[in-house]
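Biologist: I would like to learn how to read a model of this kind, one feature at a time. Could you take me through it, giving the general idea before each case?

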Amino acid sequence: MDSPGAKPSSIIHYWCDSPAESIRFTVAQVKMLEHFPEYRIVFSPSRFKKGHIQAHSIWFKQFISEFPEGSIHICDLTLLSEQPTRFIITEYNNRIILGPDSGFMHLSIENEAQPYYILPVKETVYDTLKQVYINGLNLLFNNPDKTLSDIFQPKVHMMKPVPISPTGHDNKWRITCIYTDEQGKCYFNVNKKQIEEIGLGRNVEFITQDFILSGIQQNENDVNEGSIVAYFDTGGRLVMSQNDGDFSKTMAVFENTMLIMQFYEQTNSQMG
């Protein structure tokens, strides 16, 4: 984007960590439609544990590339009580992102050189959507010929949590479940690029005391109902699920559960 100023045809995506039936989400819809009636608005309610930045990052990576360039994303995610009420804005792959300085953007974008800017807060924040994000977007829209660096102050000190990385060497690695969603799908701290670099074309299997899961498929529909499967989500992260079932409960894999990821030689690779 040469300039962050949005046009009336732009999409504004409002994403929050409250379910669709919550009062918070209902009120947010009213405020967004009231303040931005000329924009197309996509609403994404969700359920997360408060401050679960790993889960926030997983979701962000799955949806962000599905939106067109020029889209604007309000990530209205709740901060933990001990976290300072600081908020940031950035431009990522020609999309404008607004959200809390909780560390989730650092985990999501994974670029140390990514520039971030401060969303101004003039008073005690009790309504992040109205006081922070709507005000921030109004500053953006009122200055269509200016860049983010012209409008906002740079964010120098960022929350930068250290991601949990796989550990091991050669053919045997330990991976960790970092998030389990409501359907019982388990997301792990390893992605497609890492597995390809570590595996060097070898086959892979995942091992616990209770099961061995061989190969990586395209999606869970590649196996029969009731079967367990490993595949990559749209953000490239390794996921394990059960076709028409709850993988987490069935296989006793929960957040912080570790598995062995083992590579082995075979003529025909099972990796998709």
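Modeller: Let us begin with a loop, keeping in mind that this is a predicted model. Ala252 lies in the loop between helix H7 (247-251) and strand S14 (258-264).

Biologist: What is the sign of phi at Ala252, and roughly what is its value?

Modeller: The general idea is that most residues other than glycine have a negative phi. Ala252 is not a glycine, and yet its phi is positive, at about 55°. With a relative accessible area of 40%, Ala252 is partly exposed, because values between 20% and 50% fall in that class.

Biologist: Which loop holds Asp170, and is Asp170 buried or exposed?

Modeller: Asp170 is found in the loop between strand S7 (167-169) and strand S8 (172-180), and it also has a positive phi, of about 50°, without being a glycine. Its relative accessibility is 52%, so Asp170 counts as exposed.

Biologist: Let us turn to strand pairing. How should I read strand S10, and which strands pair with it?

Modeller: Strands of a sheet pair through backbone hydrogen bonds, either parallel or antiparallel. S10 (residues 203-207) pairs with S14 in the antiparallel sense over 5 bridges, and within that pairing Glu205 stands opposite Gln262 of S14. S10 is also joined to strand S11 (residues 212-214) by 3 bridges, again with the two strands running antiparallel, and here Ile207 has Ile212 as its bridge partner. The connection from S10 to S11 is a hairpin through 4 residues. As for exposure, S10 is mostly covered, since 4 of its 5 residues are buried.

Biologist: In what order do the strands of the 6-stranded sheet lie, and which of them stand at the edges?

Modeller: That sheet is open, its strands follow the order S2-S1-S3-S5-S4-S6, and the pairing is mixed. Strand S2 (40-44) and strand S6 (117-118) stand at the edges, and because each has a single partner strand, one side of each is left without a neighbour in the sheet. For one pairing in detail, take S1 (residues 11-16), which runs parallel to S2 over 5 bridges, with Ile12 standing opposite Ile41.

Biologist: Which helices pack on this sheet, and at what angles do they run?

Modeller: H2 packs on the sheet, where it touches S1, S3 (72-76), S4 (87-92) and S5 (95-100), and its direction makes about 155° with that of S1. H4 lies across S1, S3, S4 and S5, running at about 160° to S3. Within H2 (residues 53-63) you will find Ser57, which is buried, with a relative accessible area of 2%. Leaving aside residues up to four places away in sequence, Ser57 touches Phe104, Leu107 and Ser108.

Biologist: How do I describe two helices that pack on each other, such as H1 and H4?

Modeller: Two packed helices are described by the angle between their axes and the distance between the axes. For H1 (residues 23-35) and H4 (residues 128-141), the axes come within 11 Å and cross at roughly 35°, and the crossing is right-handed. Ala28, Lys31, Met32 and His35 of H1 make this contact with Leu129, Lys130 and Ile134 of H4, a set that comprises 4 nonpolar, 1 polar and 2 charged residues.

Biologist: Which residues touch the most other members of the largest nonpolar core?

Modeller: In soluble globular proteins, nonpolar side chains tend to be buried together. The largest nonpolar core here has 28 residues, among which Ile12, Phe36, Ile74, Leu98 and Leu137 touch the most other members. Two or more residues are given to this core by each of S1, H1, S3, S4, S5 and H4, and the largest share, 7 residues, comes from H4. A second, separate core has 27 residues, including Ile11, Phe60, Ile97 and Tyr179.

Biologist: As a last case, where does Asn243 lie, and which residues does it touch?

Modeller: Asn243 is in the loop between strand S13 (237-242) and H7, and at 10% relative accessibility it counts as buried. Not counting residues up to four places away in sequence, Asn243 touches Glu220, Asn221, Val223, Asn224, Glu225, Gly226 and Ser227. Asn243 and Asp222 are 21 residues apart in sequence, while their C-alpha atoms are 8.8 Å apart in space.

Definitions and conventions: Residues are numbered from 1 along each chain as its sequence is written. This is a predicted model: local features need pLDDT of at least 70, side-chain atom pairs count only at pLDDT 80 or more; totals for chains, interfaces and linings use all residues. Side-chain values use heavy atoms; hydrogens and water are left out. Axes are lines fitted to C-alpha atoms, for helices over the stretch in contact, and angles run from 0 to 180 degrees between N-to-C directions. A crossing is left-handed if the near helix is turned anticlockwise from the far one by less than a right angle, and right-handed if clockwise. Contact means heavy atoms within 4.5 Å. Ala, Val, Leu, Ile, Met, Phe, Trp, Tyr, Cys and Pro count as nonpolar, Asp, Glu, Lys and Arg as charged, and the others, Gly among them, as polar. Buried means under 20% relative accessible area, exposed over 50%, partly exposed in between (1.4 Å probe, protein chains only). Two strands pair if DSSP finds at least two bridges between them. A nonpolar core is a set of buried Ala, Val, Leu, Ile, Met, Phe, Trp, Tyr and Cys residues joined through side-chain atoms within 4.5 Å.
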